[in-house]
Amino acid sequence: MSIRLWQADAETHLEWYKKKASAALTFNDLVQIDANGFVLRAVDGSTLTVIGLVQETVASSDTTTDKVPVLVPGPNAVFLCDVSTGTAAQEDVGQYIDIDDHNSVDVDASTYDMFYVVGFISATQVLCKLTKKSGALGE
């Protein structure tokens, strides 16, 4: 399962952030930034800011806080999201949904409204935009 950039917009770009020591990251994991400015895998129910997709794989045995590249989406970038909780339907278009973890979404929940569904692909995939509510777009 994964969340991947489907269509970039003019504001989609790379930024470099320090990674948290001993925290595993896999290429294209959805990442958040903590209060100390470190990136880590996005977690369901977290109030940390989602910033984008990490573009490097890092083993948990790496104890450094080196910087890693993060693909930061603009407001009109669209993501292809795998659904791990619930069954996606055409009726989900126009709805806010939550993440299930760093690589999937939950179409049955809208507590944190991390994504806004803009397209239906199948029962297991939807097209989404990150929302301003996630903090990823400057809030």
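Q: Is D9 buried or exposed, and what is its nearest side chain of opposite charge?
A: Start with the cut-offs: buried means under 20% relative accessible area, exposed over 50%, and partly exposed in between, with a 1.4 Å probe and protein chains only. A salt bridge needs a side-chain nitrogen of Lys or Arg within 4 Å of a carboxyl oxygen of Asp or Glu. In this predicted model, D9 is buried but has no salt bridge, and K129, the nearest side chain of opposite charge, is 7.4 Å away. Lys and Arg count as positive, Asp and Glu as negative, while His and chain ends are not counted.

Q: Which side chain shares a polar contact with D9?
A: A polar contact is a pair of N or O atoms within 3.5 Å; within protein, one must be able to donate a hydrogen and the other to accept it, and residues adjacent in sequence count only if both atoms are side-chain atoms. Here the D9 side chain pairs with that of T12 at 2.8 Å. A polar atom of the D9 side chain also sits 3.2 Å from the backbone nitrogen of A77.

Q: How do I read A59: which residues does A59 contact?
A: Contact means heavy atoms within 4.5 Å. Setting aside neighbours within four places in sequence, A59 touches A23 and A24. A59 counts as partly exposed because its relative accessibility is 44%.

Q: Any ground rules on numbering and confidence?
A: Residues are numbered from 1 along each chain as its sequence is written, and side-chain values use heavy atoms, leaving out hydrogens and water. Local features need pLDDT of at least 70 and side-chain atom pairs count only at pLDDT 80 or more, whereas totals for chains, interfaces and linings use all residues.
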